[in-house]
Each structure stands twice: as C-alpha cells, then as structure tokens.
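This report describes one protein chain for a reader who has not met it before. Please look over the sequence and the structure below, then read on.

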Amino acid sequence: MHLFASLSGLLGLIGALAFLPPAVAQDRTTEEGEAQITENRFPPTWTVATILPDDTAAQSRYNSIQGQIPDISPKGTQPQSLAGDFSGFSYPSDDPDCWWTFDHCEDPKTPGIPIDITTVPEPGTLGYGFDDGPNCSHNIFYDFLQSQGQTATMFYIGSNVMNFPLEAQRALADGHQVCAHTWSHRYMTALTNEQAFAEFYYSKTSLEMIKLVIGVTPTCWRPPYGDVDDRIRAIAQAMGLRTIIWQYDSSDWLGNATETDTNYQALIDAATRGTFDDVGTIFLTHEITNFTMSEAINWYGNLTSAFKHLVPVGVALNITNPYVEDGYTLPTFAQCRCQFGYCNVNGTHVGSIVGSVNGTTSNTSATVSTASHTATMTSSTPTAGTNAAQILPINSVGWLVITAALVGGILSA
C-alpha cells in the first residue's frame, strides 16, 4: 500500500495547499498591531538614534560589546559631519582607520574584521539590490519585480519601516532579502559609539524595527553613503551584521536622468566587455523615489541581457540562511542556476518562526508551493519566461485539511 496510491488523495493534498491564505510576517493592520510600533519603544524617526533612557536591554547589550570597539574617534564635528561635511577635520594620509569615505578602503586594518563585500564570486552575476526603502509608493515597482520572477536585496531604513510597515512586510512575502540600512541614514563615522550602536540596534536587533514589523532579524547592512571605518565595522560585527558596499554606483538618488542613464550604460558596457566574466559585481541603486524605481524598470531588460544572472547579494554569496531566525532560507546560487537556468528565482521561506514581541509570542509557519516556470529555450538560455513561488502558511486549520487529505489517500488506496 502506497501513501498516494489514490489519485484522489493526491488531488486532495494539492487542493488543501492551494487554498491556504497567503503568508504575512507580523500583522500590523489592526490598531493593536500598529500600537506595538508607535509606542515609545524607538527613537523619533529621522533623528540620530540614542539609547532610550529606560531601555535596560539596549544598555546591557551596548555594555557587552564595548570591549570589541577599536579606540578610533568619530570623524568631523557634529552636526555638520552628520550630513557628510568633514571640512576642517584633519585625517592622516595613510588612512589608519580604513575610512571608505576617504579613499574607498574596503579591507579593514583592524585585525578580526572581515573585508567589506563589494563584489560577488559568481561570474557574470549582478548582486541586485535597492537602498533606502521601504517606499510608500513602491507597490508598482515590486509588482514589476514579481512579474519578472525577480528578487533582490532590500536595504531598509528603520525610520521608513516604522512609517510604512505594510510596505516593509511585502519584501519578505515576495522573497526578497532584507538587510539593515541604519535608523536615520546619517554618516556613521560621524557618530559616537553609543549613537552608532543605537542606529543598528533600533533598526535591526532585539527591540528592532525590522524584526518587530517584518518578523526577521537581518545579518547584513549597508552604510549610508558608504561611510564606514574600522570602528563602525567593529560595532556592526558585534551586532551580527556583515558590511555590504558596492563596486558601481548609479547615482540615481540625485534625480538626474542623464547621469543615471550614463552610469547604467557604463555598467552594461563593462559587462559586455567581459569585465565580470570571472567575478561578479554589485551596483548601487535605490527605491527612494518614483524616478529611481522607474529607472530600475526601464533598464531591467538591458541588465538581464548583459548579465547571465541577476540575484540578491545573499544568493550570489551562497548565504542560504540570511536571518538570525531559522526557517527563512534563500536558494544557493547553484540551485538557482540548475533549477531554472536563469537566476531570477524567488527566495524560499520554509519552516516556523517563533518569537516574542512585547511579551506576546507569535508563531508564523510557512511552506512553499511548487514554483511554475515556463520558458522558450534555445540551448540552455531562456529567451522568455515567468517564475513565481507562492508563500503559504500552514496554520492549524491547514494542517487539519492536509491531514484529512492524507488520510483519505491512505484509506482509499
């Protein structure tokens, strides 16, 4: 007797999976859900973060990492340095702190700190991602990415996540990789140790905005403006964050179409010349405005023609567990390539996340239905196709339906 000897049992299981409701991360659509975000648990949005007076957990965490922070002074003088004005600041020409803003140093001089990620090891590959989200008007852009079966790495600002929680949740539901981009998007080397810690803490960990809203804790971050030195890298490392920079810059945030188009074309020309035949690259783009998102849509076809693979940075690095929590995974690069022949496959969320938010335990269980992929093939390269994966939570009702289907299959076999 075989489990699915009965066709009706198999069809029953498929039907049960098909009609389960779509997944969500943390439900913030009710007044109670929103209150968990807007209570006085976070610094004011768009202000430099500091440890809140009564936040003993944050203070304890900060105290625990102070011994890991190099004795390097903040750069410049606040408040002007917060916006990148380091005029009048005297800094040695040999760059002892590996300050990226000074000379694009990416190989830390302090022992024990990993090199910044500026490229990806997979040939012909673009580490695809967008800074400064979530944007309140990004649904059309995310719809486009979804229609292409394309996922990316989204570097989210904590203040934006607080302001636009539903938009933030969509990234995880669509299979994108989420990384932190600090709380208030300031030049990080201008901050004191405590301020830098708080910028990470309130956007990423423990009482974190990303964890509270989306349900996961990132393990990667990108410094605003690329501004990082060994002191900031050490604080990020102590917080469990790997530093990701970029190799090519679109400058799309400036809003200058001519400059942005020139930079996109320069990247495509480099790819066409074979620059990335041995090692892939990372390109800085943003979802900050309708212009930057429109540019991404307009240039998408050119990028897919120039590069063999467009994938989230985590996929290009073969990081299959992108979050602190278990149960949310990304495919390996080989899985992308071998399964679909083209690496624009959605991330897979499989398993169960159990966490505690403000004393309330939440449990989000999920599985993934079979992805559909159709393409017109010439040799091994698809010329057109779609790829979509539906994230499906398995709740108690779902398990009852699935169990019934399984039992039905057994009894009728």
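## A pocket and its chain

In this predicted model, the lining of the second largest pocket is made up of eleven nonpolar, five polar and three charged residues. That gives a lining of 19 residues. Those nearest the centre of the pocket are His 185, Pro 224, Tyr 225, Trp 253 and His 286. The space in this second largest pocket is about 350 Å³.

Next comes the chain as a whole. Of its 413 residues, 51% are buried. Its secondary structure consists of 15 helices and 17 strands. Among contacts with a separation of 6 or more, 71% join residues that are 24 or more positions apart. The accessible surface of the chain amounts to about 17,600 Å², and carbon and sulfur atoms account for 54% of that surface.

How confident is the predictor? The mean pLDDT of the chain is 79, and 71% of the residues reach 70 or more. Two stretches with pLDDT below 50 are listed here, together with their contacts in the model.

| Stretch | pLDDT | Contacts beyond near neighbours in sequence |
|---|---|---|
| Residues 1-25 | under 50 | 46 contacts, beyond four places in sequence |
| Residues 339-413 | below 50 | 177 contacts |

Predicted coordinates should not be read in detail where pLDDT is low. The contact counts for residues 1-25 and for residues 339-413 therefore call for that caution.

Methods. Residues numbered from 1 in each chain as written. Predicted model: local features only at pLDDT ≥ 70, side-chain atom pairs only at ≥ 80, totals over all residues. Heavy atoms only, no water. pLDDT = per-residue confidence, 0-100. Contact = heavy atoms within 4.5 Å. 1 Å grid on protein atoms, 1.4 Å probe; cavity = no way out; pocket = protein on both sides within 12 Å on 5 of 7 lines; lining within 4 Å. Points joined across faces, edges and corners; volume = space filled by probe spheres on them. Nonpolar A, V, L, I, M, F, W, Y, C, P; charged D, E, K, R; others polar. Helix = DSSP H or I, 4+ residues; strand = E, 2+ residues; numbered from the N terminus. Buried < 20%, exposed > 50% of the residue type's maximum accessible area, 1.4 Å probe, protein only. Areas by Shrake-Rupley, 256 points an atom, 1.4 Å probe, with all protein chains shown as cover.
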